[in-house]
Each structure stands twice: as structure tokens, then as C-alpha cells.
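The following questions and answers introduce a structure to a reader who has not met it before. Each answer reasons step by step and closes on the value or name requested.

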Amino acid sequence: MVEHGDFASNSLNNHQSDFCTLLNGLQSMHNEERTNAETQYEQIPAQTRLGLLLQSMSTGQTTELRSFSAVLLRRLLVKNLDEAYEQLNPTDQASVRQQLLLCVTNEPDASVRRKAADAAAEMARNIGDVAASGNDSSNACGWPEFVQLAAQCVHSGQPATQQIGLHLLAQVPSAFSHPASLPLVHQLLGKAVSDAGSAAVRSAGVKAACAFLVANEEEEGTLNQMRDLLPPMLRGLAESIVTPESDDASGDEDAVLKGFVELAEVLHKWLRPQLTELIELCVQTVGNQQLPDSRRHLALELVVTLSENAAASVRKAGAGKVGALVQQVLMLMTDLEDDPEWALQENKDEDDDDESNAINGETALDRLCCGLGGKAMLPHILELVPHMLRSPTWQHRHAALMAVSACGEGCHAQMESMLDNVLVAVLPFFQDPHPRVRYACCNAVGQMCTDFGKIMPKKFHAQIVPNLLRLFDDYANREFSESCPKSILTIYLDSLISKLEQILSTKFQELVQKGNKMVVTTLASVADTAEEKFIQYYDKFMPCLKYIMENAVQKELSLLRGKTIECISLIGLAVGKEKFLADASAVMQMLLRTQTDHPLAEDDPQMTYMISAWARMCKIMGREFEPYLPLVMGPVMKAAEIKPEVCIMDSEEVQNAEQDPEWQFIKLADEQNFAIKTSGLEDKANACQMLVCYARELREAFAPYTEQVAQLMVPLLKFYFHDEVRSAACESLPHLLECARSQGPTFLGNLWGYIRPSLIAAIGDEPEPEVQADGLSSLAQCIEAMGAGCLADSMDPCLELLEKLLNSHFEKAEKRQAAREDDEYVLSRVADVLHSLLSAYKQQFEPQLQRLLPLIAKLLDESRSWLDWQWGVCIFDDVIEHLGPASFRYQEVFLPRLVSSAVHKEPDLRQAALLAGRSTIDPQPDDAVPGTADRSPRLAATRTICTENAIAAATKILKHCPAEVAGQPPEQILPMWLSWLPVSEDREETEHVYGFLCDLIERNDPNILGPNNQNVPRILAIIGECLYREALDEDKPTAARIVAIARQVLANPEAVKACWPQLTEQQQAALQSRVASQ
């Protein structure tokens, strides 16, 4: 084995007894004694602590002392390796390693030996990292004695020692991954997983094999060499499920099952030869009620993970087991206790246990449906759910309805055609005698409205909403109206408001006394939906809400008051400034008095609601909010400046802290975990978003705060603890620039100089596509705000960023296609940035465009998806618009794709192509794009903005390039063009279309007016519809021209007699209003 070293010097030996006393103090039950010991311990230099801990591990008189020393040593290596070890000279480093291995081999107690092995593994892991960073390919570990010790332990023939060797391998698989070590590893693992003498060794062998395989997931040769281990590993898994090893020093009886879950996630192909047996084992385990629930959940997680990552293989290998699996999952969902107090809870989901059988079953069913698809899952669900709905046991009815909720997303295509039958089966349970079944029914209908949003509101609202309204008489279920889509609730607003008013009046005292917030929450949701339609109900509710806000000041009513504050601000936003302004000042004064008369504790829930309410009040009041800004900025900035508590924890520390819901953990390595205290992060994100609102709404009034807020937001571009914080930081920057404009060009330039490099760098480093898209959108808006020359010395970094993103888009295309995903978020924002650059720099940007041209052209390649074509066409649309005639030197790149896209089946692509075609049209006929005019009419199957863009493109061709339609007689083409009108969707285009119509009418074109002016009624109807839909900007010349034409027609009594009956009431009213007003 290893010889004893002498790193622990005589001086350390002299202090060892004092150090042992200090260690005992660290474990004291008395806080003061323990705190003093912790202070003294931290004052000892890291190198000295290393030597003292090694000595205590070697010579400590008690098991407890040696065990605690091993734990502290591992923590020291995790947190202070550089100070404690790396600064030692090579001789002392070798001595430390030697002593550490001796502690493993010489320790008589199994538990302490395991902890000593953990410390050695931590050392090996760090040495391996150093070796890897130095490109030392000769030895992945850098500590060959560690590998030798593990091998000797496995070959020892003593089960306890063998487990230690396998544990070392499992903890640091990278130390054994060098190609030269593979035969040894294969021999060690093969011996362990098939060990005939000890189940504990077999279990440890399977765990080590799983860890080694996962660590080598990308090494195809290594995986092939280990393929013969799978059958004995599977036998070991089955054995560990039924008879887990209680003598495993780790104390984790499910470690083997967890190892297979990791394999299923990253190495499902490696499991394929035994997939049928593995699925069968999982289904049996899920259904075995004699096993611990945690083990059944892990078995379910294993088969769900396989379904998500290898759906086709699972459908094939587990074809005969899917039905049994669905049945077991539904049985898990029936495991609910009949709690008499449940109906009295305000939030029925708060007490749901994420570890319960019901929640695990429901989540698994959702994921299985999404993974395996409706064809594989829905037949089994439809076979079982009807029987459960007829069950006299409420838990079965509840589970069946929750199954309907869970399967909609994954079985969308299959369920869509049978929604009417599903609703017929579900709706009767709105009147079920058990409140939890009524809840499940509301949840099922609400989730279906979400999953089938385009169908449910239009087709089934008459069946759904009356049932929901009836539940308002059931006090326990009143809040479930929120399950109904907002668009449906608006139709039934009178009935809904009547119910809420009745409840609020009859239960008002109970509301205030007990803090029941259900009605307030629902009222806020309804107002948010109804918007201006809520004005007629405003006076019924606002006095009550203000009363609650003013009087619900007791601590136990904090949440009610917070919800009421939210409700008032949402109602104000819904009804608008004119209606709300009379109450706005009083509400703001009450909010501010809360800060002065009753200062809130840091964890008071009201603060979050107040910060959000202030932002809504700002949006409602506009510049009239400015006097309140100095009073609200302090709390908002304080919340936005919250710094999360973070640390590195080992696995033992994580186990002790896992019960605290405020902490979350990310595993970094086998024994290292990044821990972050998440309480406060949502408040931070909310406050940052409120600052965005202030800057956006108040503009120059917010200018005094721009520097302070920018200094907060720019560093938050890399606040990786919370995505929404980074998104808010991105969103704030262009608004801050607009606020700063009033401070003068020098201040504005300095602010942009501070923002620019950090924003570009943050976008390049951003790991989340959605946040990266927000960053690109921010950059585009900043460029638009600052104009030509704004990038200065950042032009190259900006172009490098765009090149990086486009190259990444192409590199990941194959992976996205396999996962049926797209990259539209980032790609569309890249197009936005290029739009801003072209818009700001125009012809000056052409040299930079040349640099990006190969990548942009690649988007239009025949092999790319239609989404790539769409964004490529959009980019060339900007090139054409902003470079003008110079853009036609690139026509060989974009013209063929532009023309073919104009008749593509995807409307978004057609729209982009037609917009680009419109951009090419110039008063010079030679610049027209051939082939567009005769294609655009064919797109008018439905009235969409795409169709109207096609009409606009054809209009410009007819006006500016008549030569392009010379082969078609005007008496045919112009009446056809007139038949496409009216248009109203895009005001930029309506100006051109109606302008051309005015041109034709004003010159009395017979092809438009028709024989004997027979088209005049049709023309007047087009004008009336145009005015009714407000399709033109009133301050533009075309609006005046079109009204003048209408006035001329209506001045003729014979024309009025012929035309007026053919108009709709809306068209008549619009004509009367506009003609009379001018």
C-alpha cells in the first residue's frame, strides 16, 4: 500500500492536543462555546489546519474525533485548496497525499474510512483538474497512487475494503478514464458487478459503473468496451430495488436506481439492448406498494426519463407495458387523504407535497404524454379514465379529472377532435358532492382552455362558463373562476360581477376579519380582463377596496392588504386615467403612509405588491406620478439591489440544508454543490422590472436617476442567478438612454459608452436563448436611439457577436431539427440588430455588410428551413430599403428566394417576401422585381396582414411599374385590384393603397369607376370601411383626399339613393361622422 509520511511536523504534534480540544469545541451544544471555537479555527492558517487535521485523522483517540477531522479536511480541500495545498512545495504535497491515503487504508471504522475516502477523492479531483488545465494527457488524475489504491482495494477480497475502492472510482471517474487505464477499469467493474460473495460489493460496483459511464458519455470506444457490463448491472439494479444494502456506508439505499436515472438521461442508447427488461422492471417497481414511495418514484422517473430522451425506443421496446404503466401512474394519483380542512384553505395548491404519490403521478403522466405522444398514451388513458369517473371513491374521480388536465399538451393532436366528448364526460363533475373533485373539474377545464385555446373559447364557452358561475355559490371554490380563459369571462361579465358583488357584500366583515383574499384576487383578475368594460362597475367596488386597504393593517392581514393593493392598481389600469385619477391620489397617499406610519418588515408580503402597484400607478398617471418618484425610488432600489447569499457546500451540508425551501442547490462535482438562497430573488426581479416601467413611462422626468439605475442594471446583465433580472436589465437600457437625452449630448454619450461594451459582451456570454434574444433586442433599440456612428470602436465586437450567433445557429441546426425545435428567438433578434444598423448607418454600413454577407446568404440556401428563409428575406428587405439601388448588386443572392417565397405555403414567409418585393419597387420601372404582380392576387384566400402586404406590393407595381403588367389589359387588372379592397391592417401600406385609389378616381379612370359609374357604390363602401376601421392616419394627405371623394359622392342625391342602402350601418355612421366633421 502506501508508506506513512512525516508532513505533520514536531511543532504540529506539540499543538495537537490543543487542536483536539478546539475540535471538541466546534461540536459543542452551547452556542457561545461553539462560536468561540469557530472563530479560533478560522484564524489558523490553512496549511497549518491541513497538517493538524491529517494528524487528527491518523492519531485521534476517538472515532468521533477522527470522523469530524475527515469532514473538516474535505471541506478545507473544497474551499481553500489553493492556500492549504497548492502553495506547498512538491515534497510536502507528496507527503500530504501519502498521509491521506494512509488514513484511508489504516482506519478501522467503516464510517470514518468512508469519510477519509471522500477527502482523498476530493484531493484527487482537484489534482486532476490541475492536470487537465495544464494539458497533461499522460495522466488524467495526476495522482497514480490514488488509482493504485482503488485497484488494490477492489482486489482485496474483503467486502468492506472493496466497497472503498469502488467508492473512490465512483467519486473520481475521471482519474480512471485514461485509455491506458481502461482494461484495468473494465476488470475492476466486471469483477465487482458480478461478485458472488457480497451483495454490497455488487451494489457498489453498479454505482461505480454508472458514474464511470456517465463521465465518459462522449467516449464511444470506452462505452463499447464496457457494453458487456449492462446485463449484470441490470441484475444489480433489480437486486437493489428489492433488497437494498443496509450496510452501505453512504446510507443511500436508492443510489443504484439514481445512477440508472443518470444513464437514462445521457446514455439511453447504451441501455438499448436491455431496454425491454429495464422498462418491465420499472413498471413492476412502480406498482409494488410494499416498497418505499421514494423508490417507486425513482423507478417512475427512470422510465419517464427514458421516454423523454428515447421515445421511439421506448415505444418499441415497451409496447406491451405502456398500458400497465399508465394504470400504475393513475393509481399513484389516487393516493390522497380525505382532509376535512381542505375546503377551508385559500390556496389549494400550497399544501401539495411534491414528494407525494399523487403529485409524482400527475407530473409523470404529463411528461409521458409529451415524451411518447398521444398515439402511444391516449388509448390507454381513454380506456381507464371513464371507469374511474364512475367510481364511488372520490379519489378515483379526482385522479381521472387530473389525468384529463395532464394529458392535453402531449395528446393535443389526438384530443382536439374529441373535445366535445371529453367535455360531456367532465362537466357533470362541477356538481360533484366532494369539493376536491369539483376543484379537479375546474382544473381540468381550465387546463383544456389553455391547451386548446383556439378552440375552447369559441366552441364551448356556453357549456363552461355557466358551470363556473354556479360554483361561485360554493364558497370553497370561488377562486376557481380563474381557470376560465379571460376571453370567455368577458362575455359573461354582468353575471360574474353580480356574483362577486353579492359575495363581497355578504361576506365583507369575514373578509376583513379573517383576511380571506379569494374575492379580491378574482376581482383583480376580472378587471384585468375586462379593461375599459369594467368602468361601469368601478363605483361598486372601489370604496370597499379602499376601506380594506385603509383598515387591514394588522400583521395577520398583510397578505389580504397586499392583494387589495394589487387589485386596486389593476382596476385603475383597466379603467384608465380619466376614471381612476380621482382615487389615485388617495391611494398613493395610503401607500406612502404605509412606509412612514407603519414601516414594513423586510419579509412583509405587502412590499412586493406595493412596488408593483407603484409601477402601475406610474403607468396610469404618467407625468403626474413624478412628485411621488423620490418617495418610491428608495424601496424599489433597495429591492433591486438585493444580493443573494451564495456558498459552496459539500453533500453532507446539503443534506442538512435541504429542508429549508429558501435554498436551492446545483451540483458542481461529486461532492461539491453550489448553494443559493433564493428568497428575495423574485422581489429583486420584480423591482428591476418596475424600474424599467418608470424609465419607459416618465422619460425625461426620470433623468435624475438614470446614472444610478444604469450603474445597477449594467452589472446585472450577468446576474446568472435569475433570468428575469437579466431580461429586465436588458430592457431598461434603451429607455435609460431616452431618459438621459434631456441631460445633454455629453451625458448621453458617456452613458452609452458605459453601456455599450458590457451589453455586447453580455449577449455573447448569455447561456439562455430567451435572455440572449432580449439582449439583442436591447442592442437594436439602443442603436436606433443613438443613430449613425454610435458603435464607434464597438463595431468590430458587434460584428463578431453577430457572426458568432449566426455560426452557432448553423452548427446547432441538426440538433434542433432532431428535437423539433427552432432558433427563432435569437435569429429574429439578429435580424433586428441588422435592421437597426442599416437604418442608422445606411450606405455607410455596406463594408460591414460585405463581411456578414456569406452568413446571411446561407440563410437563403435551398437546404435551410422556411424560418431561415423568412429571416434571410427580412434582412435583405432592410438591405434593399436602406441601401437603395446599391442593394441590387446582391440580387443574385436574394432575388430567386424572394420570388419563390412570395408563393410559399407559410404566410409569414409570404409576408416577408412581399414586403421585400414592395421595397424593391421604385418609380424607375427597371428596378421592379419580376414575377410579383401576377402572384400576389393568389394569396387572398383569407384576409390577413400577409394578404394585405401582397395587395400593397401589387399596388406599387401597378403605380410605378406598369410595364411589368403590360401583358394584362387594364380593364381586367384594375377591376381585379379593386376587388381586393378594402385593406386596414398595416397603416404604412394603407397609405399607398388608398393613395393609388385616389389617383385613379381623381383622374376618372373608367376601369375603376366602371361603365356608367356602376362601381361607385362599391367604392363608397370601400371608403366607408376604411373610415370605420380607421385605416388611415388623419394627419396624412390621403385621409383628406378620401374624405373629399366621399363628400363629392354624397353631395349627389341620386348617388346617395343608389349607394346608401348597400352600405353597412358602421360604414354609414363612419361616413356621416367624417364628412360632417370636415
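Q: Which residues gather in a patch of negative charge on the surface?
A: The model considered here is a predicted one. Asp and Glu count as negative, and a patch admits residues with over 30% relative accessible area and no salt bridge. The residues that gather in this way on the surface are Asp335, Glu337, Asp338 and Asp339.

Q: Is Glu337 buried or exposed?
A: Glu337 is placed in the loop between helix 19 (322–333) and helix 20 (357–372). A residue is called exposed when its relative accessible area is over 50%. The relative accessible area of Glu337 is 68%, so this residue is exposed.

Q: How many of the 16 residues of helix 34 are buried?
A: Helix 34 covers residues 606–621 and reaches 22 Å from its first C-alpha to its last, close to the 22 Å expected at 1.5 Å a residue. This helix is largely enclosed by the rest of the structure, because the number of its 16 residues that are buried is 14.

Q: Which residue takes a positive phi just after helix 34?
A: Helix 34 consists of residues 606–621. Just after this helix, a phi of about 65° is found at Gly622.

Q: How many salt bridges does the count come to?
A: A pair is counted when a side-chain nitrogen of Lys or Arg lies within 4 Å of a carboxyl oxygen of Asp or Glu. By this rule, the number of salt bridges is 32.

Q: With which residue does Asp583 form a salt bridge?
A: The closest N and O atoms of the pair are 2.8 Å apart. Asp583 lies in helix 33 (residues 577–596) and its partner in helix 31 (residues 538–551), so the bridge ties together parts that are 37 residues apart in sequence. Asp583 counts as buried at 15% relative accessibility, whereas the partner is partly exposed at 22%. That partner is Lys546.

Q: How many residues apart in sequence are the parts that Arg699 and Glu738 tie together?
A: The side chains of Arg699 and Glu738 meet in a salt bridge of 3.6 Å, N to O. Arg699 lies in the loop between helix 37 (681–698) and helix 38 (706–716) and Glu738 lies in helix 39 (residues 723–740), so the parts they tie together are separated in sequence by 39 residues.

Q: What is the relative accessibility of Glu738?
A: Its salt-bridge partner Arg699 counts as partly exposed, at 42% relative accessibility. Glu738 also counts as partly exposed, its relative accessibility being 26%.

Q: Is Glu1025 buried or exposed?
A: Glu1025 forms a salt bridge with Arg1029, their closest N and O atoms being 2.6 Å apart. Arg1029 is partly exposed, with a relative accessible area of 49%. For Glu1025 the relative accessible area is 14%, and because the limit for burial is under 20%, Glu1025 is buried.

Q: Which residues are joined into one network by salt bridges that share partners?
A: A network of this kind arises where salt bridges have partners in common. The residues joined here are Glu253, Asp254 and Arg295.

Q: Which residues does a cis peptide bond join?
A: Most peptide bonds are trans. Here omega is about 10°, and Pro982 is found in the loop between helix 50 (970–979) and helix 51 (987–1002). The cis bond joins Leu981 and Pro982.

Q: What is the phi of Asn1013?
A: Asn1013 is found in the loop between helix 52 (1006–1009) and helix 53 (1016–1028). At 45% relative accessibility, Asn1013 counts as partly exposed. Most residues other than glycine have a negative phi. Asn1013 is not a glycine, yet its phi is positive, near 55°.

Q: Is Glu1030 buried or exposed?
A: Glu1030 is found in the loop between helix 53 and helix 54 (1037–1050). This residue has a positive phi of about 50° although it is not a glycine. Its relative accessibility is 53%, so Glu1030 counts as exposed.

Q: How far apart in space are Asn443 and Ala406, C-alpha to C-alpha?
A: Asn443 lies in helix 25 (residues 435–451) and counts as partly exposed at 22% relative accessibility. Asn443 and Ala406 are 37 residues apart in sequence, while their C-alpha atoms are separated in space by 9.9 Å.

Terms used:
Residues numbered from 1 in each chain as written. Predicted model: local features only at pLDDT ≥ 70, side-chain atom pairs only at ≥ 80, totals over all residues. Heavy atoms only, no water. Patch = residues over 30% accessible without salt bridge, like charges linked within 9 Å, V, L, I, M, F, W, Y side chains within 5 Å. Areas by Shrake-Rupley, 256 points an atom, 1.4 Å probe, with all protein chains shown as cover. Charge placed at Lys NZ, Arg CZ, Asp CG, Glu CD. Helix = DSSP H or I, 4+ residues; strand = E, 2+ residues; numbered from the N terminus. Buried < 20%, exposed > 50% of the residue type's maximum accessible area, 1.4 Å probe, protein only. Expected span 1.5 Å × (residues − 1).
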